[in-house]
Amino acid sequence: MSRIAVIGAGAWGTALAITAARAGCTVGLWAREKEVVESIRRDRRNALFLPDHRIDGAVVPTGALAEAMADADLALLVAPAQHVAAVAEQLADLPDAPPIVVCAKGIDRASGRLLSEVVADALPGRPVAVLSGPSFAGEVAQGLPAALTAASTDRPLTERVAQRLGAPRFRIYRSDDPVGVEIGGAVKNVIAIACGIVVGAGLGENARAAVVTRGLAETVRLAVARGGRAQTLAGLSGIGDMMLTCNSFQSRNMSLGAALGAEPGRIWTPDDVLAARDSLAEGFWTAAAVIEMAQKLNVEMPICAGVNAVLHRGEIVQAMVDSLMARRFREE
């Protein structure tokens with residue numbers, strides 16, 4: 001029986017642990033929060049992050065990173081995007097760690113690098129893949145059908161990910177374009193905030209469709225400039241994930257945008273945004289990182305820039321909308 005380490009016991013990490021157990025693996029699940037470990041041991045539920053789903057006995061929770069990683073032949077790194085670098089540094093201290101699959105979506109704000117690059121730098125010589133696609137944690141934990149993309153330049157690694165995690169209701173497609181897959185997973189969170197703003201401000205479904213379509217164009221431009229392929233963004237990690245995240249209030253990013261849009265004349269400070277949320281949407285940090293990357297690569301991303309201006313530069317929603325609609329006419 002294969003053993004998988006899942007590093008991070010938030011909702012998505014817990015759902016992946018449940019999925020791996022369902023596929024026949026034993027799982028070491030590392031949680032930073034002591035109460036999560038205790039809850040799973042006592043009640044077989046993650047009361048803090050995913051309370052409605054029972055966790056199989058094949059999932060062994062622990063607060064010790066070395067214990068979770070022991071004898072694993074694959075490690076799923078599911079820490080929040082801005083904590084991936086710190087966790088990767090801890091993993092570097094462990095001997096004989098297995099290949100790493102980055103399951104977070106975002107761009108490292110401190111360095112401006114993709115998360116797989118952050119992990120590769122911390123763990124030189126270690127095979128690295130990314131797992132991304134449309135995947136609400138609760139639905140995956142429930143066993144509802146889902147399909148994701150595992151991407152790496154190491155084909156045997158993506159095959160291993162598919163073999164370990166793949167199940168009749170959890171389909172894994174392979175890709176050799178990790179850059180395109182990561183850019184898709186990161187930027188869609190920013191576009192989802194924009195869609196939430198549209199809904200919160202009552203701007204209509206036409207406007208939301210326009211934001212999704214032009215947001216996808218921005219995502220493709222950035223991915224290609226960064227070395228990815230445009231075709232990748234036509235798949236699960238691009239348009240698939242964007243369709244899900246931009247059309248449901250299960251998305252923390254879209255719900256954040258709706259809260260911003262509901263007060264179109266308010267100046268939001270970053271502290272205001274942080275204080276208003278019980279759990280932070282990844283797009284909050286990713287917006288700034290995306291714009292910094294785009295500026296370095298001379299890529300135009302007006303929707304992402306508008307979201308970043310609202311979140312981090314004190315621009316009001318109404319001014320952002322007016323600015324986008326006043327842009328000069330151009331070829332599509």
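**Exercise 1. Burial of a charged network**

Classify lysine 188 as buried or exposed in this predicted model, and determine which residues its salt bridge joins into one network.

*Solution.*
Step 1. The relative accessible area of lysine 188 is 6%. Buried means under 20%, so lysine 188 is buried.

Step 2. Lysine 188 forms a salt bridge with aspartate 241, and the closest N and O atoms of this pair are 3.8 Å apart. The pair links distant parts of the chain, with lysine 188 in helix α8 (residues 178-200) and aspartate 241 in helix α10, 53 residues apart.

Step 3. Aspartate 241 has a relative accessible area of 1% and is therefore buried as well.

Step 4. A salt bridge also connects lysine 105 to aspartate 241, with 2.7 Å between the closest N and O atoms. Lysine 105 lies in the loop between β5 (100-102) and α5 (115-122), whereas aspartate 241 belongs to helix α10 (residues 236-245), so this pair ties together parts that are 136 residues apart in sequence. Lysine 105 and aspartate 241 are both buried.

Step 5. Through shared partners, the salt bridges join Lys105, Lys188 and Asp241 into one network.

**Exercise 2. The surroundings of α10**

List the buried residues of α10 and identify elements that cover them.

*Solution.*
Step 1. The buried residues of α10 are Ser237, Gly238, Gly240, Asp241, Met242 and Thr245.

Step 2. Their cover includes the strands β6 (128-132) and β7 (146-151). It also includes the helices α8, α9 (205-225) and α11.

**Exercise 3. A salt bridge outside the network**

Determine the accessibility classes of arginine 42 and aspartate 43, which form a salt bridge.

*Solution.*
Step 1. The closest N and O atoms of arginine 42 and aspartate 43 are 3.1 Å apart. The salt-bridge rule requires a distance within 4 Å, and by this rule the count comes to 16 salt bridges.

Step 2. Arginine 42 has 59% relative accessibility and therefore counts as exposed.

Step 3. Aspartate 43, at 41% relative accessibility, counts as partly exposed.

**Exercise 4. Packing of α4 and α5**

Describe the packing of helices α4 and α5 by angle and axis distance, and name the residues that make the contact.

*Solution.*
Step 1. Helix α4 (residues 84-92) packs with α5 at an angle of about 25°, and the axes are 9 Å apart. Angles under 35 degrees count as roughly parallel, so α4 is roughly parallel to α5.

Step 2. The crossing in which α4 passes α5 is right-handed.

Step 3. From α4, the contact involves Val84, Ala85, Ala88, Glu89 and Ala92; from α5, it involves Leu115, Val118, Val119 and Ala122.

Step 4. By class, this contact of α4 with α5 has 8 nonpolar, no polar and 1 charged residues.

**Exercise 5. Positive phi in two loops**

Assign arginine 44 and asparagine 298 to their loops, then state the accessibility class of arginine 44 and of asparagine 298.

*Solution.*
Step 1. Arginine 44 is not a glycine, yet has a positive phi of about 60°. Its place is in the loop between α2 (34-43) and β3 (59-62). At 16% relative accessibility, arginine 44 counts as buried.

Step 2. Asparagine 298, likewise not a glycine, has a positive phi of about 60°. Asparagine 298 is found in the loop between α13 (283-297) and α14 (302-312). With a relative accessible area of 72%, asparagine 298 is exposed.

Methods:
Residues numbered from 1 in each chain as written. Predicted model: local features only at pLDDT ≥ 70, side-chain atom pairs only at ≥ 80, totals over all residues. Heavy atoms only, no water. Salt bridge = Lys/Arg side-chain N within 4 Å of Asp/Glu carboxyl O. Buried < 20%, exposed > 50% of the residue type's maximum accessible area, 1.4 Å probe, protein only. Helix = DSSP H or I, 4+ residues; strand = E, 2+ residues; numbered from the N terminus. Axes fitted to C-alpha atoms, helices over the stretch in contact; angles between N-to-C directions. Parallel < 35°, antiparallel > 145°, perpendicular 65-115°, else oblique. Left-handed = near helix turned anticlockwise from the far one by under 90°. Contact = heavy atoms within 4.5 Å. Nonpolar A, V, L, I, M, F, W, Y, C, P; charged D, E, K, R; others polar.
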